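Grab a coffee and work through these exercises with the model open beside you. Try each task before reading its solution.

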Amino acid sequence: RFLTNDELPSLNIVILVVGTHGDVLPFVGFAHSLQALGHRVRIASHECHRGLVVSRNIEFYPLAGNPKVLSECMVKTGGSLYGSAKNPKFLASNTRMVKEIIKSTWK
């Protein structure tokens, strides 16, 4: 049996979005849907997306990393491990960037 909305507890939810404006925007709508159900929602993303998120009355948490650099790397490698293996010159910088993003979630 599924719980009804009235039976669900209120949750604290963090939506982590790494990427561009176009990656963040769909999650803003999702966050509003969750808020309408009574949940507290925060979007964690790059600092350049703060205005987009807070202007829509959603909490924001900053992540490290530059989404433009990340997007360029995804285009060059196809966004896959196989693509990274074929382009090892991007591996060190991509690994460094991912480590920065992960580390920034634990402040």
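A salt bridge here is a side-chain nitrogen of Lys or Arg within 4 Å of a carboxyl oxygen of Asp or Glu. We're working with a predicted model, where local features need pLDDT of at least 70, side-chain atom pairs count only at pLDDT 80 or more, and totals for chains, interfaces and linings use all residues. Residues are numbered from 1 along each chain as its sequence is written, and side-chain values use heavy atoms, leaving out hydrogens and water.

**Exercise 1. Find the salt bridges and work out which ones are linked in a network.**

Step 1. Start with the idea: side chains of opposite charge can pair when their charged atoms come close.

Step 2. The total to look for is three salt bridges. Take E59 and R42, whose side chains meet at 3.1 Å, N to O. E59 sits in strand β3 and R42 in strand β2, so this pair ties together parts 17 residues apart in sequence. (Strands are DSSP E runs of at least two residues, helices are H or I runs of at least four, and both are numbered from the N terminus.)

Step 3. Now look at R40, which also bridges to E59, with the closest N and O atoms 2.7 Å apart. R40 is in β2 and E59 in β3 (residues 59-63), so here the linked parts are 19 residues apart in sequence.

Step 4. Put those together: R40, R42 and E59 form a network of salt bridges.

Step 5. Another bridge joins R50 and E47, at 2.5 Å from N to O.

**Exercise 2. Are R40, E59, R42, R50 and E47 buried, partly exposed or exposed?**

Step 1. Set the cut-offs: buried means under 20% relative accessible area, exposed over 50%, and partly exposed in between (1.4 Å probe, protein chains only).

Step 2. Read off the network: R40 is at 42%, E59 at 29% and R42 at 26%, so each of these is partly exposed.

Step 3. Do likewise for the other pair: R50, at 32%, is partly exposed, and E47, at 41%, is partly exposed too.

**Exercise 3. Which residues make up the largest nonpolar core, and which element gives the most to it?**

Step 1. A nonpolar core is a set of buried Ala, Val, Leu, Ile, Met, Phe, Trp, Tyr and Cys residues joined through side-chain atoms within 4.5 Å.

Step 2. The largest has twelve residues: I15, V17, V24, V28, A31, L34, V41, I43, L52, V53, I58 and F60.

Step 3. Sort by element: α1 (21-36), β2 (40-46) and α2 (50-54) each supply at least two of these residues. The top contributor is α1, with four.

Step 4. Apart from this core lies another one of five residues, including A44, L63, L70 and M97.

Step 5. Zoom in on L52: leaving out residues up to four places away in sequence, L52 touches H21, V24, L25 and V28 (contact means heavy atoms within 4.5 Å).

**Exercise 4. Where does N57 lie, and what is its phi near?**

Step 1. Look in the loop between α2 and β3.

Step 2. Check the backbone: phi of N57 is near 60°, a positive value in a residue that isn't glycine.

Step 3. Check the surface: N57 counts as exposed, at 66% relative accessibility.
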